[in-house]
Amino acid sequence: MEHYTIATDAEKSPDFRRVLWTGKHTQLVVMTIPPGGEIGSEVHEVDQILTFVSGVGEARVSGETRRVVAGDLVVVPAGRTHNFTNEGPNPLVLYTVYGPPEHADGAVHRTKEEADRIEEAGGDEPPAS
């Protein structure tokens with residue numbers, strides 16, 4: 001059995017992105033977005049559910065914008081353009097579930113720049129299903 005005290009585990013991770021668990025159909029990832037930072041505008045071919053643990057941010061999904069705070073959950077259906085930005089003075093911390101997996105099993109990306117570099121080089125592919 002995998003067990004996480006997810007809000008605590010997410011808060012402990014200083015990394016931009018850290019894959020905690022990858023299954024056949026879903027993937028659990030924690031993220032920390034620094035003040036003034038963002039995930040970056042993107043579109044996935046998988047569904048994504050993001051739950052915010054701490055900080056203050058802005059969610060943009062398919063042209064709609066909402067403020068997000070601890071306890072909020074945002075659903076991003078596959079194929080939708082989205083971005084999440086940190087609008088506060090502290091890190092914006094969240095955990096997200098992808099279905100199916102979106103990132104390489106066990107991936108750790110310390111910064112957004114590192115994540116972008118690895119993705120562009122083809123080094124962040126999910127396991128073959």
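**Entry 1: the loop after S9.** I began with Pro-100, which I found in the loop between S9 and strand S10 (108-109). The model is a predicted one, and I read each entry below with that in mind. I then looked up the peptide bond that joins Gly-99 and Pro-100, and I recorded it as cis, with omega about -5°.

**Entry 2: the sheet.** Next I traced the strand order. I noted an open sheet of 6 strands, ordered S7-S4-S9-S2-S1-S10, with antiparallel pairing. Its edge strands are S7 and S10, each of which pairs on one side only. I looked more closely at one pair inside this order: S2 and S9 run antiparallel and are joined by 7 bridges. Within that pair I located Met-31, which stands opposite Leu-94 in S9.

**Entry 3: the nonpolar cores.** I then asked which residues of the largest nonpolar core touch the most other members. They are Leu-50, Phe-52, Val-74 and Phe-84, out of 21 residues in this core. I listed the elements that give two or more residues to the core: strand S2 (27-33), strand S4 (47-54), strand S5 (56-61), strand S7 (73-76) and strand S9 (92-99). Apart from this core I noted another, of 6 residues, including Ile-6, Val-30, Val-53 and Val-93.

I chose Val-74 for a separate check of its contacts. Leaving aside its neighbours within four places in sequence, I found Val-74 in contact with Gln-48, Ile-49, Leu-50, Phe-52, Ala-59, Val-61, Val-68 and Phe-84.

**Entry 4: the largest pocket.** I looked up the volume of the largest pocket and recorded about 190 Å³. Its lining takes in Ala-59, Arg-60, Val-61, Glu-64, Thr-65, Arg-66, Arg-67, Leu-73, Val-74, Val-75, Pro-77 and Arg-80. Val-74 therefore appears in my notes twice, as a core residue and as a lining residue of this pocket. The elements that give two or more residues to the lining are S5, strand S6 (64-69) and S7. Which of the elements gives the most to the lining? I found that S6 does, with 4 residues. By character, I divided the lining into 6 nonpolar residues, 1 polar and 5 charged.

**Entry 5: Ser-62.** Last, I turned to the loop between S5 and S6, where Ser-62 has its place. Phi of Ser-62 is near 50°, which I marked as a positive value in a residue other than glycine. Is Ser-62 buried, partly exposed or exposed? I recorded Ser-62 as partly exposed, because its relative accessible area is 42%, and partly exposed covers what lies between the cut-offs of under 20% for buried and over 50% for exposed.

Technical notes:
Residues numbered from 1 in each chain as written. Predicted model: local features only at pLDDT ≥ 70, side-chain atom pairs only at ≥ 80, totals over all residues. Heavy atoms only, no water. Core = buried A, V, L, I, M, F, W, Y, C linked by side-chain atoms within 4.5 Å. Buried < 20%, exposed > 50% of the residue type's maximum accessible area, 1.4 Å probe, protein only. Contact = heavy atoms within 4.5 Å. 1 Å grid on protein atoms, 1.4 Å probe; cavity = no way out; pocket = protein on both sides within 12 Å on 5 of 7 lines; lining within 4 Å. Points joined across faces, edges and corners; volume = space filled by probe spheres on them. Nonpolar A, V, L, I, M, F, W, Y, C, P; charged D, E, K, R; others polar. Pairing = 2+ DSSP bridges.
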